[in-house]
Amino acid sequence: MDPQRHRIQEDLRGLIAGQVLCDDVTIQQYATDASIFQIVPLGVVRPTTHEDVVAVVNYAREHQIPLIPRGCGSGLAGESLGNGLIIDFSTSMTQVLAVGRDSVTVQPGLILSSLSTELLKYERILGVDPGNRSYGTVGGAVARDSCGSRWHDHGSIGEQVLGARLVLADGTTIHLGQTASESTAESRAAKLLLQNQVLGCRERIESLLPSVTTKVRPAGYRIQAIQLDGAIEMLPLMAGSEGTLAIMTEVTLRTFPLPNHRGVALLFFSRITDAARVSAKLRNLPIRACDLVDRRLLSLAREADPRYRDWIPQGAEAMLLVEAQSESQNRLLDTLSDILVVADGCLNQGVPHYITVERNKRDLCWRLVRRIIPTLYRLRGSTRAVPFLEDILIPPEEMDEFLVTAQERLNQQKLTASYFSHASQGRIQIRPFIDLADPADMGRLEALTEAIYEDVWQRGGAVGTYGALGLSRTPYFRRQAEAIYPAHAEIKRIFDPNFILNPGKIIRSGFETYHSQIRSVLPQCLVRPNQSPSSLESASTSMGASSDSRVTSLQTSDLGEVVADGETRVAVPKELAIIEPQLNWDPETLAHNARNCNGCGQCRTLGRVERMCPVFRVSREEAASPRAKANLLRAVITGHMPAANLSTAEMKSVTDTCFNCHQCRIDCPAGADIPKIVNELRAQYVANNGLGLAERLLLRMDWMYAVASASPTLAHYLMTHSWSRWLLGRITGISAQRKLPRVHGKTFLQWAKRKRLHHSATSDGPKVVLFVDAFVNWNDPELGRALVAILEHHGIAVTVPLNQKFSGLSLISAGAINPAKKIASANVAILAEAVRDGATILTIEPAATLALKHEYLHILAEPDAKLVADNTTEATQYLWQLHEQGKLRTNFRETPIHLAHHLPCHQRATVDGNPGVELLKLIPKLNVTAIQKGCSGMAGLFGVFERNYRTSLKIGAEMMREVRQDSYQAGTTECSSCRIQMEQDTDKPTVHPLKILARAYGLMPELGDVFERRGRAGLLS
């Protein structure tokens, strides 16, 4: 940490109650957002109160430090980036302060979806619904004046702002409109002074207003909305001001009643211009939304979800999603019919439209728009759909002609793009596909932008009206609003005379261009073949590389070659090549994976559709978000942060927020493999610092189990008494409050040996080789026996290799790659031979499935690892496949019981659908409910340790609460770790689906009491 940042950190920590973080690791997490820009800040402040914000503003004013307010950092224009202090409201200032009859007052860091959930209790809604509502904040939405798809109903969020509590650039507080907090005499005096200053320039501003010539709402400050005769109403200036005029700590918004009836129509067109013409006509109908989706996005939707294949015709070039609402069902159906009448003649002939009023299908339609657009970032190669030409607003009746012109401009630059539009509003997003690392592509992007913006202005349109001007559009704003730009500059001078509030946005403080602020993507410091990392590190040290300096004067001869996407580029400074990847990937693939994360912020979601990220959902800190890990790895490999930071406690604290659940990998729109990135970061830390005590104990897991199983009675005694649990916690870090699984004296492998299952089957029929992890072997051998009984019941030959080892997933997750490789190599050698002998590998534990199918490929370069991965199947999935083939016996006994099923994260990451639940539904009179309550929070050994115990309970709270419901007699899940959490706060047993199936077949009499088994203090059932 340099002296300036250290001084700021120490000064502010003595002034505020919130967090102040200026270390290298933290500031790199805030250097990017969802835009193409990158600016490293001085530090990050996470205020907890309004008084914290006042103190920070006063300190910044005194020391002339820029302040950049930030919500979730999902902006596409770089509006939340800057080289000063980031004020992150999303961690602590997230409260609902007051709910009125038709209004709500909140803090700016509250997530929009969380506000919507709160308002549902009062049968109210927030009028706007921007696309990032599941992770975007209220403050961010107001700063951009967001609107979203349902602009027709409620306009933008700025039109719903009823009041705000603001901190001005001089540190004073003012209240505008309705606020929950009390206005003081000092606040009223400051407000009056500000009003008088605005009145003082009234004539100059009023004379400029008639010069507004746009046919649509102009961008910038909403000067037209303030009253200049007599009293000044300054509240409209705040929406869309991007934090450049004042910092908001409280906002009051208008709310609306829940809509009664809603319906959605999907209309398909053979030409995108036809869709644009129809959207303009639909404005005359009582619709809520009208979104246009182009051919590329429709193709992605068909690939992403098989349900869309039945709806979306392959030949469609465009689609309109139109939503209507009404007080009555009949009137709603009439409106939907009117929509078809208006569109008649333009629709794709022979292609059926789709209309629904059912909630589930309606939500699926909306998911097509909201979840498919981000998947543009999944496209492979170095080119990306760049969010730069966003927020174009033109008269809706001119959209069809504009789209033709835009395509011509793209053709001139030899570029392709994807289109999305809130069509009847006239708002368009154009995302050209370019390579940020290619100077020629960047030149084409600039030329394209110039040409398209000129077309927009000639049509009376505007850019940056509802999506921020930020870094990408501010350089064009003066040309767009030349006539009234002086009025904007005057307003900025009155509110922020020293330009400390988000400088460089809306009003430029200098003549800088955005070119120097483009995000770095090329690798700069990865180890090269035949070079020693240690020698390269010493070379880097001799150059004096630091967190704030980069090598910029390298000669071409000093550069190595990078091969990416089949092209050779001169890019890698050899002097900075100090990182040796620890996992099984070459340096360029590593860099490419880190680059895949575009920073959209969707991994910060609190929505119920996605499960990621369980830890972030409870901590709300940027470090816990999956994108933080990609940002940090990219910062190191591009030379923006010294590799020495990989060995720091700050870096370890970031990686400790990930427990390898793989939900971000599944739900990430860009397909970034964040778990692999985290494992690389952890491996780098271990390579430099070694293993901690807890990780070293993992290396002796089989030894510890062997000791415990030698005397199960003693082990259980020690696990159920407070003094021994306290001692165990002191030695191992295991929480004294956590229930632990029983240990059995006779392991599953010992039983398999007695049954002679270790001999290879000679049957000509189906054969499986059973891979069992530590839990099945030592803690629940009955589960392994149940699976063997089911398989033999179906005439399937079972082999159980006795020399197999536990999967080692916990070691991989801890960064202990070298010992994990030894275990993985041994297992792969055994299992690959069985596959070559015609067997299918079956796993019982989802963690073992993940290890064999995914993680082993990351640490082993052996071809057999791929063979094992391709031939591994989880046991319930294997049985369900038998059922789909008509080969599963269904002679089950009646089982009158109601079960709550939890789908484990690792099961979701490796298995399609929910085969465990589907199998249980075959059992007569058995009622199973798939509870959708997110992650259990256990995550292998994560929730066992005292340091994570409370976090684990917070993550799994909703799931545990559901399991405790009286309607369920027991729980069921495929995961042993999830079972521990499910039984943590109840005496109900949690039973594996395989045991339930074996019991229903009548194969194991000892399972007759499985639903009556109860645990006791410290022990599972």
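Leaving aside its neighbours within four places in sequence, which residues is R150 in contact with? The legend to view 1 gives the list; every view is taken from a predicted model.

**View 1. Surroundings of R150, a residue of the loop between α5 and α6.** The contacts of R150, apart from neighbours within four places in sequence, are D129, G155, R262, R288, A289, E323, W366 and R370. The flanking helices are α5 (138-144) and α6 (151-154). R150 has a relative accessible area of 10% and is therefore buried, the cut-off being under 20%. V404 lies 254 residues from R150 along the chain, and the C-alpha atoms of the two are separated by 26 Å.

**View 2. Helix α15, residues 470-480, in its enclosure.** Of the 11 residues of helix α15, 8 are buried, so the helix is largely enclosed by the rest of the structure. The buried positions of α15 are G470, L471, S472, R473, T474, Y476, F477 and Q480. They pack against two strands, β16 (389-393) and β19 (462-463), and against the helices α14 (439-458) and α16 (485-495).

**View 3. Cysteines C72 and C600, outside any disulfide.** With a disulfide taken as a pair of cysteine sulfur atoms within 2.5 Å, the count comes to 0. For C72, the nearest cysteine sulfur is that of C600, 9.4 Å away. For C600, the nearest cysteine sulfur belongs to C668, at 6.3 Å. C72 counts as buried because its relative accessibility is 3%. C600 is buried too, with a relative accessible area of 13%.

**View 4. The cis peptide bond between M612 and C613.** Most residues other than glycine have a negative phi, and most peptide bonds are trans. The bond joining M612 and C613 is cis, with omega about -20 degrees. C613 sits in the loop between α18 (587-596) and α19 (614-619).

**View 5. Q64 and its positive phi.** Q64 is not a glycine, yet its phi is positive, at about 55 degrees. The residue belongs to the loop that runs between helix α3 (50-63) and strand β3 (67-70). Its relative accessible area is 45%, so Q64 is classed as partly exposed.

**View 6. K925 and its positive phi.** K925, also not a glycine, has a phi of about 65 degrees. Its loop lies between helix α37 (915-920) and strand β27 (926-931). K925 counts as exposed because its relative accessibility is 56%, the cut-off being over 50%.

**View 7. The whole protein, as context for the close-ups, with 40 helices and 29 strands.** The radius of gyration is 30 Å, close to the 31 Å given by the globule rule for 1021 residues, so the protein is as compact as a globular protein of that length. Along the principal axes, the C-alpha atoms fill a box of roughly 95 × 75 × 60 Å. Of the 1021 residues, 62% count as buried. Among contacts between residues at least 6 apart in sequence, 75% join residues at least 24 apart. The protein exposes about 38800 Å², and carbon and sulfur atoms supply 49% of that area. There are 112 positive and 107 negative side chains, and the centres of these two sets lie 5 Å apart.

Conventions: Residues are numbered from 1 along each chain as its sequence is written. This is a predicted model: local features need pLDDT of at least 70, side-chain atom pairs count only at pLDDT 80 or more; totals for chains, interfaces and linings use all residues. Side-chain values use heavy atoms; hydrogens and water are left out. Buried means under 20% relative accessible area, exposed over 50%, partly exposed in between (1.4 Å probe, protein chains only). Helices (H or I, at least four residues) and strands (E, at least two) are DSSP runs, numbered from the N terminus. The radius of gyration is taken over C-alpha atoms; the globule rule is 2.2 Å times the number of residues to the power 0.38. Contact means heavy atoms within 4.5 Å. Accessible areas come from the Shrake-Rupley method with a 1.4 Å probe; for residues, only the protein chains shown count as cover. Lys and Arg count as positive and Asp and Glu as negative; His and the chain ends are not counted. The place of a charge is taken as NZ of Lys, CZ of Arg, CG of Asp or CD of Glu.
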